[in-house]
Structure formats: structure tokens, C-alpha cells
Amino acid sequence: MELFNENSKLASVIHKDHSLLPVINRLGIKLGFGDQTIRNICEEKDIDINFFVEIINVFHYEAYFPEKRLLDFSVSMVIEYLIKTHQYYVNYLIPENDRLIELFLLANPEESNENELVRKFYANFKEEFVIHISYEEREMFPYVLELNEAIKNPSFREQFRQKHPGFSISGFEKEHSNMDDKLDDLKNIIIKYLPPNYDQNRGNAFLNNLFMFEKDMKNHSRIEDHILIPKVKQLEKVLLNHE
Ligand SMILES: [Fe+2]
Ligand SMILES: [Fe+2]
């Protein structure tokens, strides 16, 4: 497994794995960087080089997950990245799915019960997904940022304890498996069961987008479950020791 490092040219990284395009965007980089290395680009844009390198490696190699190293990054940096990922889903991937599913289903000349079934599975997935990410942004991420603030700033601790008396991230944790299952059901209904009287290219375009969504979402959930939550548990222990 050859990992990318700060001396890798970002253009070659993208040639090796173009699924990293939205990942580098949400880390703050747009295309047009010539032959510059990751180090040059990050320095120019004031982006944390180690965070950048670890995030692209974690996304690129499923088997790579350096938990110890990832735990070194600040929670605010991790949350900023997670929120940008949510924005990418809400502002781009979901509207793109909405568009592609309609193109795909309209290509079936007879509006059938099967079409309704696909729409229903898609709507179920989308609903579960939107509830999940809005809950994280409304409840879980603010809790984490307030906890972080309470550790850095002693004058904020009393207020934090009053707001969250038995403070524990376990009350905020939500499973990712329901969302994954619903997306799997949707993919399977098309791959295995839907009578193929539709335009194959449009069907593939919709499925491709779902696979891309799945890869991004699983990576995102991995960062939440294995980086954010353990980091928050560490911080909760630090705050308990301050009592
Ligand atoms: Fe999330
Ligand atoms: Fe999540």
C-alpha cells in the first residue's frame, strides 16, 4: 500500500484516484494547482498538512485507518470537515440523485408499480439520511464544540455543566447502520429485482451516483465513529478530572 505524502504532487494524486476530487474541495482546495506538491498547496492556503494527508489516505485506502494519529487533530478541525461533507451531500449529491432518479424512471414509458417502489425506497433512504445529518448538526456537534470550549475556558465550565448535567456523548450517538441498510436495499432493488424495461445508461448513471454516495458516506461515518466519538470521550475524561 503506497500512501500519499506531503511531497506527492496533488495532480498525480487526482490522476490516481479521482474520487478524491470532492474530498480536496472540502479541505479547501480548488483545481488549477499546476505541478505543486501537497506541502506547497497547503502552506499557501494555510491548511493543516498532516490533516490533509491523513484524510486523503483514509479516503483512498479502506484498510488504512491510523486511529492514534487521527486522534491528535483538534475536534473543531474534524467537525469543520464533517460539516463541509454534510454540505456537499445536501447541496450537491442529494439534488443530483433527485435529478438522476427522475431521468431514470421517466425513461420507462409505462409509469409502473415498480417505479413507485423505487421512489419509495429512495424516499426512505433520503428521509433517514436527512434526519441523521440534521440531528448531528443541531445536537451532537454543538455539544462537542461546547465541551471543547469548557475545557479550554474555565469560566465556561459551570454553564456547560448546567446545560449538560450528566455530560456524555453516548446520549448523542446515532447508529449509521440504518442509513447503510436503506441505501443497500435501494441498490439491490434495482440491481436484482427491477424489470429492466428502462434506459440502461440512465439506470447506470443513477446507480453510479449511489455507489459514489455510499463510498463517501461510509468514510464519513468511519471518521465520526472512530475519530470524533473516541476524541469526545477523551475530552469528557479531561473535564471530569477538572471537577
Ligand atoms: Fe455526519
Ligand atoms: Fe453520522
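**View 1. R138 is an exposed residue of helix α7.** R138 counts as exposed because it has 9 C-beta neighbours inside 10 Å (exposed means 12 or fewer other C-beta atoms within 10 Å of the residue's own, buried means 20 or more, and partly exposed lies in between, with C-beta atoms placed from the backbone). Its place is in helix α7 (helices are DSSP runs of H or I with at least four residues, strands are runs of E with at least two, and both are numbered from the N terminus). If you look for K215 as well, its C-alpha atom is separated from that of R138 by 24 Å, with the two positions 77 residues apart along the chain.

A note on the model: this is a predicted model, in which local features need pLDDT of at least 70 and side-chain atom pairs count only at pLDDT 80 or more, while totals for chains, interfaces and linings use all residues. Residues are numbered from 1 along each chain as its sequence is written, and chains are lettered from A and ligands numbered from 1 in the order in which they are written.

**View 2. The largest nonpolar core has 27 residues.** Such a core is a set of buried Ala, Val, Leu, Ile, Met, Phe, Trp, Tyr and Cys residues joined through C-beta atoms within 7 Å. Good places to start are V23, I38, F52, I55, I56, V78 and V144, which touch the most other members. At least two residues each come from α2 (21-26), α3 (38-45), α4 (49-60), α6 (75-106), α7 (113-152) and α10 (200-241). Helix α4 gives the largest share, six residues. Apart from neighbours within four places in sequence, V23 is in contact with I55, I56 and F59 (contact means C-beta atoms, placed from the backbone, within 7 Å). A second, separate core holds 16 residues, among them Y89, I133, L186 and F206.

**View 3. Domain 1 (10-64) meets domain 2 (73-241).** These bounds come from an automatic or database domain assignment. The C-alpha centres of the two domains lie 22 Å apart. Eight residues from domain 1 and nine residues from domain 2 make the contact. On the domain 1 side, α2 and α4 are the elements that give two or more residues, and α4 supplies the largest share, four residues.

**View 4. Helices α6 and α10 cross at roughly 160 degrees.** Their axes come within 10 Å (axes are lines fitted to C-alpha atoms, for helices over the stretch in contact, and angles run from 0 to 180 degrees between N-to-C directions). The angle makes α6 roughly antiparallel to α10, a label for angles over 145 degrees, with under 35 counted as roughly parallel, 65 to 115 as roughly perpendicular and the rest as oblique.

Definitions and conventions: Contact = placed C-beta atoms within 7 Å.
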